[in-house]
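Could you walk me through this model in my viewer, one selection at a time? I would like to know what to pick next and what I will find there.

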Amino acid sequence: MGMSVTISVATEQDAEQIFRLQYLCFQREAALYGNYRIDPLVQPLDEVRREVSTDCVFVARLGDEVVGSVRGHLDEDGPASIGKLCVHPRLQGHGIGARLLRAAESALEQERGATRFRLHTGHRSENNLRLYRRVGYETVGTAEGADGVPMIVLEKAADAFATTA
């Protein structure tokens with residue numbers, strides 16, 4: 001009998017697993033852009049710990065193992081930012097990313113009053129773009145990441161939450 005993946009709020013004890021998972025998951029993105037200095041690969045563990053304690057962070061668990069995570073926070077002057085969505089490569093394509101997004105969106109809306117959500121991904125990241133568009137995000141612009149990677153910026157209204165499937 002197999003275990004099911006559960007989604008829950010991250011705890012301080014999850015920070016190190018999130019850190020390791022993020023490093024594993026973003027290798028593919030780094031290779032896609034030929035840039036191994038992208039933020040998820042160079043972010044220090046202490047910063048991950050700080051985000052877990054202050055931001056809206058969710059994890060996907062398979063037993064005791066963290067197999068996915070996402071982070072979000074409310075920007076003072078605009079939409080809630082959602083980022084660093086990652087799912088262990090062996091479990092991608094099973095809806096875990098969409099479930100993590102829904103959890104972050106719901107918490108940001110209900111607990112922090114978000115009315116819009118914003119996220120970004122690299123312009124070559126077709127799988128990410130496909131997921132974000134499927135759950136209701138629309139392209140609103142482009143930006144250059146601090147690491148020089150061209151990014152596509154996507155947003156959706158909080159009231160579009162019900163359409164994320």
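Here is a short tour, from the whole domain to the sheet and then into the core.

**The domain.** Bear in mind that this model is predicted. Begin by selecting residues 5-159, where an unreviewed UniProt entry places the feature "domain: N-acetyltransferase". Over this stretch the chain is 37% helix and 34% strand, with the end C-alpha atoms 26 Å apart.

**The sheet.** Next, show the strands. Seven of them form an open sheet in the order 1-2-3-4-5-7-6, and the pairing is mixed. Colour strand 1 (5-9) and strand 6 (138-144): these stand at the edges with a single partner strand each, so one side of each has no neighbour in the sheet. Looking across the sheet, you can follow a twist that averages 25° from one strand to the next.

Now zoom in on strand 2 (residues 56-62) and strand 3 (residues 65-74). They run antiparallel and are joined by seven bridges. Pick Leu-62 here, and you will find Glu-65 of strand 3 standing opposite.

Then add helix 6 (residues 126-134), which packs on the sheet and touches strand 4 (80-87), strand 5 (116-122), strand 6 and strand 7 (150-157). The direction of helix 6 makes about 165° with that of strand 5.

**The aromatic pair.** Which two rings make up the pair, and how are they arranged? Select Tyr-132 and Tyr-137: their ring centres are 6.2 Å apart and their planes lie at 65°, over the 60 degrees that counts as edge-to-face, so that is how the pair is classed. The structure holds one such aromatic pair. Both partners are buried, Tyr-132 with a relative accessible area of 7% and Tyr-137 with 2%.

Keep Tyr-132 selected and show its surroundings. Beyond its neighbours within four places in sequence, Tyr-132 is in contact with Leu-85, Leu-101, Leu-119, Thr-121, Tyr-137 and Leu-154.

**The cores.** Widen the selection to the largest nonpolar core, which has 30 residues. The members touching the most others are Phe-58, Ile-82, Leu-100, Leu-101, Phe-117, Tyr-132 and Tyr-137. Strand 2, strand 3, strand 4, helix 5 (96-112), strand 5, helix 6 and strand 7 are the elements that each give two or more residues to this core. Helix 5 supplies the largest share, eight residues.

For the last stop, select Ala-15, Ile-18, Phe-26 and Ala-30. These are among the 18 residues of another core, which lies apart from the largest one.

Methods
Residues numbered from 1 in each chain as written. Predicted model: local features only at pLDDT ≥ 70, side-chain atom pairs only at ≥ 80, totals over all residues. Heavy atoms only, no water. Pairing = 2+ DSSP bridges. Helix = DSSP H or I, 4+ residues; strand = E, 2+ residues; numbered from the N terminus. Axes fitted to C-alpha atoms, helices over the stretch in contact; angles between N-to-C directions. Contact = heavy atoms within 4.5 Å. Phe/Tyr/Trp six-rings, centres within 6.5 Å; stacked < 30°, edge-to-face > 60°. Buried < 20%, exposed > 50% of the residue type's maximum accessible area, 1.4 Å probe, protein only. Core = buried A, V, L, I, M, F, W, Y, C linked by side-chain atoms within 4.5 Å. UniProt positions renumbered as here; feature names shortened; annotations may be inferred.
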